[in-house]
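Student: Please take me through one part of this fold in close detail. I want its neighbours, its burial and the way the chain runs through it.

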Amino acid sequence: MNNNMMPNLKDRIAVVTGASRGIGYFTALELAKAGAHVVACARTVGGLEELDDAIKALGGSATLVPFDLADMTAIDKLGGAINERWGKLDILVANAGVLGTISPIGHVEAKVFEKVMAINVTATWRLIRSLEPLLTRSDTGRALILSSSAAHKCKPFWGPYSASKAAVEALARTWAYETQRLPLRILSVDPGATRTAMRAQAMPGEDPETVPHPSEIAQSLMPLLGPEQTETGKLFIVREKKIVDYRMPE
């Protein structure tokens with residue numbers, strides 16, 4: 001894969017969750033630059049409107065869909081609405097997620113644990129269920145599921161987030177194997193440390209200038225979304241700019 005190659009996504013339809021800020025915001029911008037019509041999903045209406053203005057300034061187009069990923073019925077309706085308007089979907093970037101709290105597992109409140117699982121895992125499954133029929137109608141359907149190195153490192157005090165991202169990768173891999181005979185290609189993505197609000201919440205004493213800006217991550221994701229990228233069921237590590245295989249425990 002040529003990591004410097006930006007795909008031509010003219011007339012492609014792309015869904016981005018968590019599009020009002022961070023990696024989602026800048027990925028939506030890059031998609032619009034490449035010619036895609038962006039279906040931008042997020043809770044924050046103001047952030048979506050700022051994104052819309054930025055996309056229009058580029059000469060691109062977007063459809064804003066403000067909703068909370070905890071609203072599972074809204075996820076189902078998203079698939080229905082895209083089907084009625086376009087009849088297919090070319091790209092999914094499942095980016096939205098929450099951190100929860102950094103604390104010992106036994107100290108995590110039930111409502112916090114349940115929210116992390118609902119937003120990071122259940123909503124991802126619901127997106128897959130709602131959007132898969134549309135993605136399989138594309139001649140080059142592409143899906144990126146945002147994960148984290150936390151899925152593998154399992155550092156102390158990161159239990160709920162680590163568990164949720166491990167589950168997300170399991171979903172992505174299973175989905176990829178189920179659809180490997182189709183044109184649809186699915187990858188998990190480890191973006192690495194990024195200058196986002198979630199990172200600031202997790203690392204409050206860190207100098208944000210020491211980690212990459214989300215616009216850099218977004219640019220690294222673009223080559224994964226074109227027809228030239230044909231790997232599926234694997235993990236893209238942004239820092240290393242390479243796609244890696246999974247393997248059994250040793």
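Tutor: What follows is a close look at strand β2 and its surroundings. The model is predicted: local features need pLDDT of at least 70, and side-chain atom pairs count only at pLDDT 80 or more, whereas totals for chains, interfaces and linings use all residues. Residues are numbered from 1 along each chain as its sequence is written, and side-chain values use heavy atoms, leaving out hydrogens and water.

Helices (H or I, at least four residues) and strands (E, at least two) are DSSP runs, numbered from the N terminus. Two strands pair if DSSP finds at least two bridges between them. Start with the sheet. Eight strands form an open sheet with mixed pairing, in the order β3-β2-β1-β4-β5-β6-β7-β8. Its edge strands are β3 and β8 (242-244), each of which pairs on one side only. From one strand to the next, the twist averages 20°. Angles run from 0 to 180 degrees between N-to-C directions; axes are lines fitted to C-alpha atoms, for helices over the stretch in contact.

Now β2 itself. Buried means under 20% relative accessible area, exposed over 50%, and partly exposed in between (1.4 Å probe, protein chains only). Strand β2 covers residues 37-42; six of the six are buried, so β2 is largely enclosed by the rest of the structure. Both faces are covered. On one side sit H37, V39 and C41, and on the other V38, A40 and A42.

Take the β1 side next. Strand β1 (residues 13-17) runs parallel to β2, and five bridges join them. V16 has A40 as its bridge partner in β2. The chain gets from β1 to β2 through helix α1 (residues 22-33), and this β-α-β crossover is right-handed. Right-handed has a fixed sense here: with the strands pointing away from the viewer, the path from the first strand over the helix to the second runs clockwise. Helix α1 lies across β1, β2 and β4, at about 170° to β1.

T17 is a second link between the two strands. It lies in β1, and its bridge partner in β2 is C41. T17 has a relative accessible area of 2%, so it is buried. Contact means heavy atoms within 4.5 Å. Not counting residues up to four places away in sequence, T17 touches G24, C41, L69, V93, A94, N95, A96 and L127.

S20 follows in the loop between β1 and α1. S20 counts as buried because its relative accessibility is 16%. With the same exclusion of residues up to four places away in sequence, S20 touches Y25, A42, T44, G47 and L48. Of these contacts, A42 is a residue of β2 on the side that also holds V38 and A40, while G47 and L48 are buried residues of α2.

The β3 side comes next. β2 and strand β3 (residues 61-66) pair in the parallel sense over six bridges. H37 has S61 as its bridge partner in β3. β2, helix α2 (residues 45-57) and β3 make a right-handed β-α-β unit.

Helix α2 deserves its own look. It has 13 residues and reaches 18 Å from its first C-alpha to its last, close to the 18 Å expected at 1.5 Å a residue. The expected span is 1.5 Å times one less than the number of residues. G47, L48, L51, D52 and I55 are buried in α2. Seen down the helix axis, the buried residues fall within an arc of 140°, so they line one face of α2. That arc is of the directions from the helix axis to the C-beta atoms. The general rule is that an α-helix has 3.6 residues a turn, so residues three or four places apart point the same way. On the other side of α2, E50, D53, K56 and A57 are exposed. What covers the buried residues of α2 includes α1, β2 and β3. Just after α2, G59 takes a positive phi of about 85°.

In short, β2 is buried along its length and pairs in parallel with β1 and β3.
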